[in-house]
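Me: I should like to learn how to read the features of a protein model. Could you guide me through one, step by step?

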Amino acid sequence: MAPSTTVPTVADIEVPETLLKKRKQNEKAREERVAKAAAARKASRAKRVVIFKRAEKYVKEYLEQEKEEIRLKRAARAAGDFYVPAQSKVYFVVRIRGINEIAPKPRKILQLLRLLQINNGVFVKVTKATEQMLRLVEPYITYGEPNLKTVRELIYKRGYGKVDKQRVPLSNNQVIEAALGKYDILSVEDLVHEIITVGPNFKQASNFLWPFKLSNPTGGWRTRKFKHFVQGGDFGDRESNINKLIRQMN
């Protein structure tokens with residue numbers, strides 16, 4: 001007969017109540033984390049579908065606008081008239097001059113436009129007030145009407161957002177959604193569309209974008225940089241020619 005032992009087996013040992021509670025809490029927390037992750041994945045998939053559909057809709061809208069423009073040009077030519085396109089709703093403004101010998105009023109306007117450094121650029125809504133402001137600071141800036149390709153390239157390549165007063169790169173759509181989700185702007189394409197069409201939330205979208213920091217143009221500025229563009233210089237309104245300049249600076 002085997003000698004009796006006083007050492008208890010594993011089955012005989014009771015687990016302390018505190019340890020049981022801790023195990024239950026950990027298990028519950030793990031289940032919550034798994035459920036949360038699954039819900040986040042599902043929401044992310046649904047959001048991607050929404051973003052993709054919106055992007056498709058925007059592409060269709062841009063193509064229709066382009067076709068309508070071509071149709072109107074052809075109709076005008078056939079009738080022996082000239083087609084005058086509608087005035088742009090948005091300007092892209094670039095600062096080309098420093099702070100030396102600048103009067104207080106133009107200095108203040110440049111601050112309001114957030115053009116604090118040379119080669120800084122911003123999108124501005126075209127109104128009577130903004131046109132008057134641009135005229136007052138014309139010797140220090142150049143501006144014009146950006147097209148869709150220019151707006152898209154600027155935001156994708158040089159786009160930074162203002163988050164908690166910090167300059168944050170637009171590396172993913174979450175950055176945009178966190179700041180502009182309440183205005184139904186969820187992705188970079190939404191942001192591009194809001195800027196190019198000057199939507200109802202243009203002000204918020206434009207203010208969210210940190211002023212673009214551009215390089216000097218390839219090949220440099222013109223010899224007479226501080227003359228008006230139409231006189232062979234660089235400052236002032238250059239209409240659609242701004243697109244060529246931005247490509248050289250981007």
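Reply: The turns below take up helix packing, nonpolar cores, backbone angles and single residues. Please keep in mind that this is a predicted model.

Me: How are two packed helices described in general?

Reply: One states the angle between their axes and the distance between those axes. In this structure, helix α1 covers residues 17-78 and helix α6 covers residues 188-197; their axes come within 10 Å and cross at roughly 30°. Angles under 35 degrees count as roughly parallel, and therefore α1 is roughly parallel to α6.

Me: What is the handedness of the crossing of α1 and α6, and which residues make the contact?

Reply: The crossing of α1 and α6 is left-handed. On the α1 side, the contact is made by Arg54, Ala55, Tyr58, Glu61 and Tyr62. On the α6 side, Glu189, Asp190, Val192, His193, Ile196 and Thr197 take part. Sorted by class, this contact of α1 with α6 has five nonpolar, two polar and four charged residues.

Me: At what angle do α4 and α6 pack?

Reply: The angle between α4 and α6 is about 135°, and their axes are 10 Å apart. With this angle, α4 is oblique to α6. The crossing of α4 with α6 is right-handed. From α4, the contact involves Leu148, Val151, Arg152, Ile155 and Tyr156; from α6, it involves Val188, Glu189, Leu191, Val192, Ile195 and Ile196. By class, the contact of α4 with α6 has nine nonpolar, no polar and two charged residues.

Me: Arg152 of α4 takes part in that contact. Is arginine 152 buried, partly exposed or exposed?

Reply: Arginine 152, in helix α4, has a relative accessible area of 25% and so is partly exposed. Leaving out residues up to four places away in sequence, arginine 152 touches Tyr62, Glu189 and Val192. For a sense of distance, arginine 152 and proline 104 are 48 residues apart in sequence, and their C-alpha atoms are 34 Å apart in space.

Me: Where do nonpolar side chains tend to be found in soluble globular proteins?

Reply: They tend to be buried together. Here, the largest nonpolar core has 32 residues, of which Phe123, Ile155 and Leu191 touch the most other members. The elements giving two or more residues to this core are α1, β1 (90-95), α4 (148-158), α5 (173-180), α6, α7 (202-208) and α8 (242-249). A second, separate core has 15 residues, among them Tyr91, Ile109, Val122 and Tyr140.

Me: Which residues does leucine 191 touch?

Reply: Not counting residues up to four places away in sequence, leucine 191 touches Ile155, Leu170, Ile176, Leu180, Ile185, Ala205, Phe208 and Leu209.

Me: What sign does phi have in most residues other than glycine?

Reply: Most such residues have a negative phi. In this model, aspartate 184 has a phi near 65°, a positive value in a residue other than glycine. Aspartate 184 is in the loop between α5 and α6, and with 46% relative accessibility it counts as partly exposed. Valine 198 also has a positive phi, near 50°. Valine 198 lies in the loop between α6 and α7 and is buried, because its relative accessible area is 13% and the limit for a buried residue is under 20%.

Me: How can one read the surroundings of a single residue, such as serine 187?

Reply: One may combine its place, its accessibility and its contacts. Serine 187 is in the loop between α5 and α6, and its relative accessible area of 3% makes it buried. Beyond residues up to four places away in sequence, serine 187 touches Ile51, Asn173 and Ile176. Asparagine 173 is itself in helix α5 and, at 26% relative accessibility, counts as partly exposed. With the same kind of neighbours left out, asparagine 173 touches Ile51, Leu186, Ser187 and Val188.

Me: Where is histidine 228, and is it buried or exposed?

Reply: Histidine 228 is in the loop between β6 (212-213) and β7 (236-237). Its relative accessibility is 16%, so histidine 228 counts as buried. Apart from neighbours within four places in sequence, histidine 228 is in contact with Glu138, Gly233, Asp234, Phe235, Gly236 and Asp237.

Notes: Residues numbered from 1 in each chain as written. Predicted model: local features only at pLDDT ≥ 70, side-chain atom pairs only at ≥ 80, totals over all residues. Heavy atoms only, no water. Axes fitted to C-alpha atoms, helices over the stretch in contact; angles between N-to-C directions. Helix = DSSP H or I, 4+ residues; strand = E, 2+ residues; numbered from the N terminus. Parallel < 35°, antiparallel > 145°, perpendicular 65-115°, else oblique. Left-handed = near helix turned anticlockwise from the far one by under 90°. Contact = heavy atoms within 4.5 Å. Nonpolar A, V, L, I, M, F, W, Y, C, P; charged D, E, K, R; others polar. Buried < 20%, exposed > 50% of the residue type's maximum accessible area, 1.4 Å probe, protein only. Core = buried A, V, L, I, M, F, W, Y, C linked by side-chain atoms within 4.5 Å.
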